[in-house]
2 protein chains.
Amino acid sequence: MFLSSYENKLDKKRRVSVPASFRSHLSSLGYNGFVAYPSFNHEALEACSEDRIKKLSNTIDSLNPFEEKRDYFATSVLSESMSLQFDSEGRVLITDKLLNHAKIKNSILFVGLGKTFQIWEPKSFEKFKIVARKKAYQNRSNLKWDNKLTGEKI
Amino acid sequence: MFLSSYENKLDKKRRVSVPASFRSHLSSLGYNGFVAYPSFNHEALEACSEDRIKKLSNTIDSLNPFEEKRDYFATSVLSESMSLQFDSEGRVLITDKLLNHAKIKNSILFVGLGKTFQIWEPKSFEKFKIVARKKAYQNRSNLKWDNKLTGEKI
DNA sequence: TGGGTTTTTATGGGATGTTATGGGTTGTAT
DNA sequence: ATACAACCCATAACATCCCATAAAAACCCA
C-alpha cells in the first residue's frame, strides 16, 4: 500500500527521489518504477503500478471500438501516461509536460492513496486537503463499510 | 484486544515504547507495528492494525477511479496515515506531523479501545474523558445489545 | 503470605545503515 | 558536436540496530 505523504526536492536534472516506502511497495509487486499521468480533476499527477494501467487499458478496450468514449479515455489517460523507472538511487526523471500540468517547480509532494498515489505541488495540495477533509467528514457515513466483520466505524 | 491506558515518555529521538500488551496483541495478528493517522474529531491519533487500513483502502478502491469521493476519503485518511514499525525494543518513531496534530510534547498516552486504540496528550485526554463519561451516561440506554450477532457469552 | 529472585518493560545512548540529495563522468542518440 | 539520459561516487541527516540500566512485574518457595 501507498501510505502517508513525503515532500522531496527536484534537482537541476529534473530528478526526484521516490519515497523509500513507495519504492519498496512497488518492488514487492515486481516493479522498478511506476506510471504517471495528468489528473482529470486536479493540478496534480496520478501514479500507479503498471498492472493497474493495464487493467484500465482493458476496461477502456471493453468499450465498443467505434464508441467515442473509448477514444476520449484512451486519449486522456493512456496517451499522456509516462512509465518512469528508478535510477540506482531510487530517483525518477519527470518530464516537463507532467511537471507543467502539476505546476511543480522545486518541491514535489508524494501523496499515498492506498493502491495509487498522487504527485502534487505542495502548496496546491494544502488547499485541496482542506476541501477534502471537509467533504470526507460530511460523507463519512456514505462509505459502505461492512459492520458485521468489525463492528466499528472507521 | 487493546485494553487499558498507558502513559509513556517520548525520548529525544521522538521514540516511544508501545505498551507491551498492545504489542503482543498486534504480534498475535501477525504484525510488528501499526498504522496511525490524525483523528477527525479529536486532537489525537487513531491507531489500528494494518489489515484494517487495507480494508479501508479496498473499500475506497471499489469506487470508480475517477470519482471525486474517492479522492476525498483517500486524501483525508490514507495520505495522513503512517505505518509505524517497532524497533528491537518495541518502540516506534513518531513523526512531527502526527505529534503536532495531537499537541504531544513529552508524555504520550495510549488509550485502548478494543479493536483500535488512540494516542493522546495526557492532559487533553483528561478533559475529553469527562465529556465522554457524561455522554455515555446520558446515552446508556441506546446501546443495542444483540447476543445473536456476537455469538458469545460474556 | 511474604520476601527474595528472576524476567520483562521502559528508557537512554553509541554505533551502524539507509535515504535523500548533489554532482561528475560516461554512454547514446540526433 | 550537442543534448540529455544513465551510471557512479560522495555526503549529511536521520532512522535503525545494538547494548546497557533501572524500575516494575511476575515468579517461586519456604
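**Contacts, exposure and a pocket, set against their definitions**

Guide: The count comes to 24 aromatic pairs over all chains, where Phe, Tyr and Trp rings (for Trp the six-membered one) pair if their centres lie within 6.5 Å, and planes under 30 degrees apart count as stacked, over 60 as edge-to-face and the rest as tilted.

Visitor: Why is the pair of F34(A) and F86(A) called tilted?

Guide: The ring centres of F34(A) and F86(A) are 6.2 Å apart, which satisfies the distance limit, and their planes stand at 50°, so the pair is tilted. The two residues belong to distant parts of the chain, 52 residues apart, with F34(A) in strand β3 of chain A and F86(A) in the loop between β5 (82-85) and β6 (91-93). Both F34(A) and F86(A) also take part in one aromatic cluster, together with F2(A), Y6(A), F22(A), F110(A) and F117(A).

Visitor: On what basis do these values rest, and how are residues and chains labelled?

Guide: This is a predicted model, in which local features need pLDDT of at least 70 and side-chain atom pairs count only at pLDDT 80 or more, while totals for chains, interfaces and linings use all residues, and side-chain values use heavy atoms, with hydrogens and water left out. Residues are numbered from 1 along each chain as its sequence is written, and chains are lettered from A and ligands numbered from 1 in the order in which they are written.

Visitor: Are F34(A) and F86(A) buried or exposed?

Guide: F34(A) and F86(A) are both buried, a term for relative accessible area under 20%, with exposed meaning over 50% and partly exposed in between (1.4 Å probe, protein chains only). Of the 154 residues of chain A, 43% count as buried.

Visitor: What is the arrangement of helices and strands in chain A?

Guide: Chain A has six helices and eight strands, these being DSSP runs numbered from the N terminus (H or I with at least four residues for helices, E with at least two for strands). Their order along the sequence is β-β-α-β-β-α-α-β-β-α-β-β-α-α, and the C-alpha trace of chain A spans about 50 × 40 × 30 Å along its principal axes.

Visitor: How do you know that R14(A) and D96(A) form a salt bridge?

Guide: The term asks for a side-chain nitrogen of Lys or Arg within 4 Å of a carboxyl oxygen of Asp or Glu, and R14(A) meets D96(A) at 3.6 Å, N to O, so the pair qualifies. This salt bridge joins parts of the chain 82 residues apart, R14(A) lying in the loop between β1 (5-9) and β2 (15-17) of chain A and D96(A) in helix α4 (residues 96-101). The whole structure holds 18 salt bridges over all chains.

Visitor: Why are R14(A) and D96(A) both called partly exposed?

Guide: R14(A) has a relative accessibility of 28% and D96(A) a relative accessible area of 44%, so each value falls between the limits of 20% and 50%.

Visitor: What makes K103(A) and E43(A) a salt bridge?

Guide: The closest N and O atoms of K103(A) and E43(A) are 2.7 Å apart, and the limit of 4 Å is therefore met. The pair spans 60 residues, from K103(A) in the loop between α4 and β7 (107-112) of chain A to E43(A) in the loop between β3 (33-38) and β4 (44-48). E43(A) is partly exposed, at 36%.

Visitor: Is phi positive or negative in R14(A) and K103(A)?

Guide: Phi is positive in R14(A), near 65°, and positive in K103(A), about 55°, although neither residue is a glycine. Most residues other than glycine have a negative phi.

Visitor: How far apart along chain B are K54(B) and E50(B), which form a salt bridge?

Guide: K54(B) and E50(B) lie four residues apart, about one turn of helix α2 (residues 50-61) of chain B, with their closest N and O atoms at 3.6 Å. K54(B), at 38%, and E50(B), at 24%, are both partly exposed. Salt bridges also link R52(A), D61(B) and R70(B) in a network.

Visitor: How do you know that R140(B) lies over the face of Y137(B)?

Guide: A charge sits over a ring if NZ of Lys or CZ of Arg is within 6 Å of the ring centre and within 35 degrees of the ring normal, and R140(B) lies over the face of Y137(B) at 4.1 Å from the ring centre.
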